[in-house]
Structure formats: C-alpha cells, structure tokens
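Visitor: Can you walk me through the empty spaces in this protein? I'd like to start with a pocket and then move on to cavities.

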Amino acid sequence: MKKRKIGFALSLVLAAGTLLGACGTSDKEEGSTGKGDKKKDFTVSLVTDVGGVDDKSFNQSAWEGLKKFGQDNGLEKGKAGYDYLQSKSDADYKTNLNTAVRNKFDLIYGIGYKLKPAIEEVSKQRKDSHFAIVDDVITDRDNVASITFKEHEGSFLVGVVAGLTTKSNKVGFIGGTDSDLINKFAAGFQAGVKAVNPDADVKIEFAGAFDKADKGQSMASAMYKSGIDIIYHAAGGTGNGVFTEAKNLKQKDPNSNVWVIGVDRDQVDEGQVKVDGKDYNVTLTSMIKRVDLAVEDLSKKAKDGKFPGGEHIEYGINEDAVGIAPSQENLTPEVLKAVDEWKEKIMNGEIEVPLKPTK
C-alpha cells in the first residue's frame, strides 16, 4: 500500500481553478464505453453510518462537502449526480454499498470506520468500482482510497481551552464507542487539559453508540451533577443529548456554568438557548475535523481522473484540517493566545500528542 500525506492550505483545496473543469465531456475519457456513446456526468454517492446524514456532526459534514462538490460542478442530487444512502443499522452497510454500485456511481464513500468490513467485501467483489473510506485504512486495494485525520491534534487544542476555562477543575469526555479512533479524541483532549492545568480531573466515558441521544443526555446529566462543568463529546448523534442536557440546565438556572465542546463541525448552533427572552449559548467551542473538505478534495481528484486508489491520505493540523471552530465568542483572548502557542508546538514537532488516554 502506498501512504501519502497531503499538505495543503484549505484555501487551495477550495480553489476550483486549480482543477480541470471539462472532465466528463469527451467520449475518450475514463468511464466511456468505447462504443461512441457520450460519457455520462461524473457521479458520486456516500453511505452514512448509523448516525445519519443529519447527525449535525461527522456524517453531516461529509454530506455538506459532497453537496458543495456537486453544486460547484453543476450536478443534480440523485442517481445522475450526487446522492447519499442512509444506514439505519450496521446491517445496512453492505446493502447500501451494493445499491450504489448497481446505480453506477463513479465514486462511493463509506463514512466511518464501522463500514470497513463491508467496503472490504464489496470492493473485492466490485473491482471496477471506486470506493473511499473515511476514518479507517484498507490496504492492498487499488479501487479503495483511505482518508484519516489526526483527531488527537485538534482534540489537544480544545483540551487546552477546557483546561483554562473550567471553574471546577473537573471536565468530561463522552465518546461514541471505546475504539481506537474515539480514543484518539479522548487522548488528545486529556493531554491538552493536563498540559495547561495539571490539577484538573478528566473523566472519560463511552456511550457504546453514535445514535443514542437519550444515552448521551443521561451521561451528561450524571457528569454535570458530579461537578463537571465542561463536556467534550465525540459521539455523533449521541452527542446531541449532551447539548440537550446543558441547555436544560441553563434554562433552569441561567447562571449555571455548564459548557459543551462540539466535534467535527462548528456546533455553535446546537448550543443556542433562550431564557426569559435572553440569548445564551452553551457551546464553548468545537473541534473542527474537515471531513467536508476531504470529501470535496477527493471527489475532485476522482472526477479529474486522478483517483488515489490504494493510497492513505492523512489530514492534520499542518494541513489546516483539524483545529478549533471559527465561532469563538465564548473564548477569552488569553485562551485563544494559548491555543495558538500550543498549536505551534504541535506543528513544529516540539510535542507529540498521544493516541491513547492514560488511565
């Protein structure tokens, strides 16, 4: 397997002028049947994990990236352009991937590490189809591209925010599953908190699911009751329950010091709450993981005939692909300065962020 790290500024990723715009107009281009028929437009779809395309987190970010790619290239939503297939359970992954193949999509994404077994099986059977997996790596498969992120780096930065903001010296982390991937979030967060506040206690728990908002709410309730004032979630739809609990507490007592740190995309909108006609927001910050730009970038490459089959593309702080959200109204200048300082230390290799939390 070839492994490649793609270094680029986000502004360059978004510069449509750097990519060929005429792909798909020639009968001789890849994908033509060779029988003189006109090449169909490039088509691309994604298969969500159980969090769903409207999880306000990971899957939604991927879908936003795919929509932008489709709209920028004049494609329509549907089988002839760009689309998604939503998985209600793990059993849907293989079925949805095969449905996308039968619908003749040129590129098919599997969103989330839980789709790895299904993509491995389907890509082996469907060697003429191109697949991409996000958040895991599939080796020795020329028709599969792998996208991963250095989530621990971005999580370290929001850990710095939490460590400098907590009033109780107690912060929490709620992960979707106790897996290698989610432990990267937990490890980075824990290390960031401890780097700036060694006396702080970091409680790490896992919900066992990414689609159980009620479980997320009950876990958050217990944490807040224990004195924890900031919770970072990496739990997809389960994390929506963390926001619900924080907003409920804010409505009961507008002076309550409860915060949520969002994940994957800027979740400032999820923290909005109105109490007695006054607006509040319980989102302290969010750890941005630019799944949208990764999906957009790879889709452009594939459309341009440069599908990176068999390659592993990794995005981190040096690629501007992880970090804190642009919504920073609840952060002090001192906290933001500290975030920049620690970000620089990560970028120049002065510190190495761990991949697993300490017990």
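**Pocket and cavity**

Guide: Sure, and keep in mind that this is a predicted model. Helix H2 (58–72), strand E13 (283–289), strand E15 (322–324) and helix H10 (333–347) each put at least two residues into the lining of the second largest pocket.

Visitor: Which of them gives the most to that lining?

Guide: H10 does, with four residues.

Visitor: And how many residues line the second largest pocket altogether, and which lie nearest its centre?

Guide: There are 24 lining residues, and Ile288, Arg290, Ile324, Ala325 and Pro326 lie nearest the centre.

Visitor: What's the mix by class in that lining?

Guide: Eleven are nonpolar, ten are charged and three are polar. The space in this pocket comes to about 390 Å³.

Visitor: OK, switching to cavities. How many are there of 30 Å³ or more?

Guide: The count is one. The largest cavity holds about 180 Å³ of space.

Visitor: What sits around the centre of the largest cavity?

Guide: Asp49, Phe58, Ile182, Phe210 and Asp264 lie nearest the centre, out of 20 lining residues.

Visitor: Which helices and strands supply at least two residues of that lining?

Guide: H2, helix H6 (180–196) and strand E10 (259–264) each do. H6 gives the most, with three residues. H2 also supplies at least two residues to the lining of the second largest pocket.

Visitor: And the classes for the largest cavity?

Guide: Its lining has nine nonpolar, six charged and five polar residues.

Technical notes
Residues are numbered from 1 along each chain as its sequence is written. This is a predicted model: local features need pLDDT of at least 70, side-chain atom pairs count only at pLDDT 80 or more; totals for chains, interfaces and linings use all residues. Side-chain values use heavy atoms; hydrogens and water are left out. On a 1 Å grid over the protein atoms alone, a cavity is a set of points where a 1.4 Å probe fits but cannot get out, and a pocket is an open set with protein on both sides within 12 Å along at least five of seven lines; lining residues have an atom within 4 Å of a point. Grid points are joined across faces, edges and corners, and a volume is the space filled by probe spheres set on the points. Ala, Val, Leu, Ile, Met, Phe, Trp, Tyr, Cys and Pro count as nonpolar, Asp, Glu, Lys and Arg as charged, and the others, Gly among them, as polar.
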